[in-house]
Amino acid sequence: MTTQPKTPPARPGYFGPYGGQFLPETLMHALKQLEQEYLAAMADKTFLAELHRCYRDIAGRPSEMYLARRFTEALGGAKVYLKREDMNHTGAHKINNTLGQGLLTLRMGKKRVIAETGAGQHGVATAMAAAVFGLQCDVYMGTEDIRRQALNVFRMQLMGAKVIPVSTGQCTLKDALNEALRDWMASAEGTHYIIGSVAGPHPFPTMVREFQCCIGRESRRQMLDIEGRLPDVIVACVGGGSNAAGIFHPMIDDEQVEMVGVEAGGRSKKLGDHAATLCQGSPGVLHGAMSYVLQDADGQTAPVHSVAAGLDYPGVGPEHSYWKDIGRVRYTSATDDEALDATVMLSRTEGIIPALESAHALAETMKLAPKMGKDKIILVCLSGRGDKDCNEIAAILEKRGKTE
Ligand SMILES: *Cc1c(COP(=O)(O)O)cnc(C)c1O
């Protein structure tokens, strides 16, 4: 097991060789200002007290640590606990980050926020934060995603956000992120850009991880309360990597705790058919940071696919790339089919419909638990709920002829 420190101290904004700020000069000032404000805020007791009030009163934290009894019984091995981020207001972990960055926006005296969104979950969480803090909100979203996620587009608009269609490239998340960065280059003076995961240039990977660390800090305390010890394994799905970083980081120095990140294996191992960036990608620069990227032989960012729209991203947070290289976290993938099976399994055994993203972590748990003794404990980050996915799940199950 590794003895490396969790964050290498030498260069701020770097995790080993990964991270950094690979962006045009015009944004360097905004990034510097953001870093300074963020560091000052995290050292300010008033800010932290307000953040915790928002976590409690708005998000509904702490989220439950739930023993999945019938799911555990069905698997016949390790005890499975679910960290219930699906119970947060707006239905996923994304609100932890948008509340934090929303408060930071107020602190910076800015009046407008922008965001990129794929499936719409981060857009909805940003629109919610903008409504509650009284900020103007513009969300960039690919036209393909707007078509697929009509309900989330409506939710954002109902909460007062403007959804700006992006029709460049594949018309999806990566393209929306490019457009949001472009907006920010021209508007940074009065606008804060709320990136939705632990990706992008420094300080975003550190800042978003820190706002998500409430997941892992609560989990640590709850596990010690309930079981008197830490879990043997923690499993989380990885898109950009924010829910995983949030649950891993507070226990990353607890060397007895194994950690597994599960990426989207999609429909095959062919480039373009999955979004398993750490499992199958290679180091490169995307959206302002050095990290693993899915790219073709010419270094062009590859198209990606997953049944879970929230995992459909060709990059990944730089800290995960570092954890992969030093062997602290094991990264694997689950296929679309495995995620679907896990969704049905959790729905039937626990009456909990998981988000298709979270179902990737459950799929890995279904492989691990039966091989482990009944005295072992697996903690799964149930990053979100599946209400948003019900149309998709129904369509696929119907195709499979499994709706009996
Ligand atoms: C967005 C999303 C993810 C993927 O994002 P990460 O930054 O990897 O956590 C996972 N689960 C749910 C429910 C999501 O909405």
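In what order do the strands of the open sheet of 4 strands lie? Turn on the cartoon view and follow along; the model you are looking at is a predicted one.

**Stop 1: the parallel sheet**

The strands of this open sheet follow the order β7-β6-β5-β8, and their pairing is parallel. Color residues 162–166 and 191–193: these are β7 and β8, the edge strands, and each of them pairs on one side only. As you step from one strand to the next, the twist averages 25°.

Now select residues 112–117, which make up strand β5. How many of the residues of β5 are buried? The count is 6 of 6. Show the side chains and you can see cover on both faces: Arg112, Ile114 and Glu116 are buried on one side, while Val113, Ala115 and Thr117 are buried on the other.

Next, add residues 136–142, strand β6, which runs parallel to β5 and is joined to it by 6 bridges. Click on valine 113 and you will find its bridge partner, cysteine 137, in β6. Then turn to β8, which pairs with β5 in the parallel sense over 3 bridges. Here isoleucine 114 has tyrosine 193 of β8 opposite it.

Before moving on, select residues 94–108. This is helix α4, which lies across β5 and β8 and runs at about 155° to β8.

**Stop 2: the mixed sheet**

Your next target is an open sheet of 6 strands, ordered β3-β4-β14-β9-β10-β13, where the pairing is mixed. Residues 65–67 (β3) and 330–335 (β13) form its edge strands, each pairing on one side only. The twist in this sheet averages 30° from one strand to the next.

Pick out β9 at residues 233–237 and β14 at residues 377–382: the two pair in the parallel sense over 3 bridges. Zoom in on valine 235 to find valine 380 of β14 standing opposite.

Two helices are worth showing here. Select residues 214–227 for helix α10, which lies across β3, β4 and β14 at about 140° to β4. Then select residues 356–368 for helix α15, which lies across β4, β9, β10, β13 and β14 and runs at about 145° to β9.

**Stop 3: a glutamate in helix α10**

Stay with helix α10 and show glutamate 218, one of its residues. Is glutamate 218 buried or exposed? It counts as buried, because its relative accessibility is 7%, and the cut-off for buried is under 20%.

Which residues does glutamate 218 touch, leaving aside its neighbours within four places in sequence? They are Arg61, Pro62, Ser63 and Lys83. Display the side chains of arginine 61 and lysine 83 as sticks. The side chain of glutamate 218 makes a polar contact of 2.8 Å with that of arginine 61, and another polar contact, of 2.7 Å, with the side chain of lysine 83. You can also try the distance tool on the C-alpha atoms of glutamate 218 and methionine 65: they are separated by 8.7 Å, although their places lie 153 residues apart along the chain.

Serine 63 sits in the loop between α2 and β3, and at 3% relative accessibility it is buried too. Its contacts beyond four places in sequence include Glu218, Gln222 and Asn88.

**Stop 4: unusual backbone spots**

Most residues other than glycine have a negative phi, and most peptide bonds are trans. With that in mind, look at the bond between arginine 61 and proline 62: it is cis, with omega about -5°. Proline 62 belongs to the loop between α2 and β3. Another cis peptide bond joins histidine 202 and proline 203, with omega about 10°; this proline lies in the loop between β8 and α9.

Now go to threonine 90, in the loop between β4 and α4. Its phi is positive, about 75°, and the residue is buried at 10% relative accessibility. Histidine 287 also has a positive phi, about 50°; look for it in the loop between β11 and β12.

**Stop 5: the ligand**

Finally, center on the ligand. Of the 18 residues around it, Lys94, Ser197, Gly239, Ser242 and Ser383 come nearest. One ligand oxygen is 2.7 Å from a polar backbone atom of glycine 241, and a ligand nitrogen is 2.7 Å from an N or O atom in the side chain of serine 383. Switch on the surface to finish: the protein covers 97% of the 380 Å² of accessible area that the ligand has on its own.

Definitions and conventions: Residues numbered from 1 in each chain as written. Predicted model: local features only at pLDDT ≥ 70, side-chain atom pairs only at ≥ 80, totals over all residues. Heavy atoms only, no water. Pairing = 2+ DSSP bridges. Axes fitted to C-alpha atoms, helices over the stretch in contact; angles between N-to-C directions. Contact = heavy atoms within 4.5 Å. Near = heavy atom within 4 Å. Polar contact = N/O pair within 3.5 Å; in protein donor to acceptor, adjacent residues only side chain to side chain. Areas by Shrake-Rupley, 256 points an atom, 1.4 Å probe, with all protein chains shown as cover. Buried < 20%, exposed > 50% of the residue type's maximum accessible area, 1.4 Å probe, protein only.
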